Amino acid sequence: MVRGKIEMKKIENATSRQVTFSKRRNGLLKKAYELSVLCDAQISLIIFSQRGRLYEFSSSDMQKTIERYRKYTKDHETSNHDSQIYLQELKQEASLMITKIDHLEFHKRKLLGQEIAFCSLEELQEIDSQLQKSLGKVRERKAQLFKEQVEKLKAKEKQLLEENVKLHRKNVIEPWRGSIDQQQEKYKVIDLNLEVETDLFIGLPNRNC
């Protein structure tokens, strides 16, 4: 027999409702017990009937389980509350940053000479003072860069002068050495071509000669 699908709604017949409650209550208590044994889970089950009768099951002390549940829900609520406070702080910080950015953008447009038609004399003097300070910093930075560039050029000039001196010395000394070597080589060739006659004798030289 195929079990028919039961529509999920209140059973109007009181007798049928009571029978269904008893059967399903016992099945629920059995399932809770099996789950606690098989999975070593801490389970507490509380059932109140329509007439107010209490049915309960707990795999451990019911009171300890309830205290644990209360502590968990309290911590969870505290965590949610802290998260909400943190989100509110982030929203406030974001709003302040947006306001600050808008103010900086407006001030930037003033420094660029825009939207100054409605500025007072004090505001214009303040803008002029800020521009003068900025201009002074720009000139100071420009002078520093020029100074660094001049120092680099002087160092490069010194290096080139030293290299020029080395090249000059090399061009003066090397040809002179080359001419001496060539002359010596020339003398060697002449000596080889000469015919020299010598008298070879053994003994003391003749004093009368």
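A residue counts as buried when its relative accessible area is under 20%. By this criterion Phe 57, at 17%, is buried in the predicted model. Phe 57 belongs to strand β2, where it is the bridge partner of Leu 45.

The two strands offer a good place to start. Strand β1 spans residues 44-48 and strand β2 residues 54-58; they run antiparallel and are joined by 5 bridges. The hairpin they form has 5 residues between the strands, and Gly 52 takes a positive phi near 95° there. Strand β1 has two faces: Leu 45 and Ile 47 lie on the covered one, whereas Ser 44, Ile 46 and Phe 48 make up the uncovered one.

Both residues of that covered face, Leu 45 and Ile 47, reappear in the largest nonpolar core, together with Leu 29, Ala 32, Ile 43, Tyr 55 and Phe 57, giving 7 residues. Helix α1 (14-39), β1 and β2 each supply at least two residues of this core. In soluble globular proteins, nonpolar side chains tend to be buried together.

Aromatic residues add further links. Across the whole structure, 2 aromatic pairs are found. In one of them, Tyr 33 and Phe 57 meet edge-to-face, with 6.3 Å centre to centre and 85° between the planes. Because Tyr 33 lies in helix α1 and Phe 57 in strand β2, this pair ties together parts that are 24 residues apart in sequence.

Tyr 55 deserves a closer look too. Beyond its neighbours within four places in sequence, Tyr 55 contacts Phe 21, Arg 25, Leu 45, Ile 46, Ile 47 and Ser 49. The charged end of Arg 25 sits over the ring of Tyr 55, 4.2 Å from the ring centre.

Terms used:
Residues numbered from 1 in each chain as written. Predicted model: local features only at pLDDT ≥ 70, side-chain atom pairs only at ≥ 80, totals over all residues. Heavy atoms only, no water. Buried < 20%, exposed > 50% of the residue type's maximum accessible area, 1.4 Å probe, protein only. Helix = DSSP H or I, 4+ residues; strand = E, 2+ residues; numbered from the N terminus. Pairing = 2+ DSSP bridges. Core = buried A, V, L, I, M, F, W, Y, C linked by side-chain atoms within 4.5 Å. Contact = heavy atoms within 4.5 Å. Phe/Tyr/Trp six-rings, centres within 6.5 Å; stacked < 30°, edge-to-face > 60°. Lys NZ or Arg CZ within 6 Å of the ring centre and 35° of its normal.
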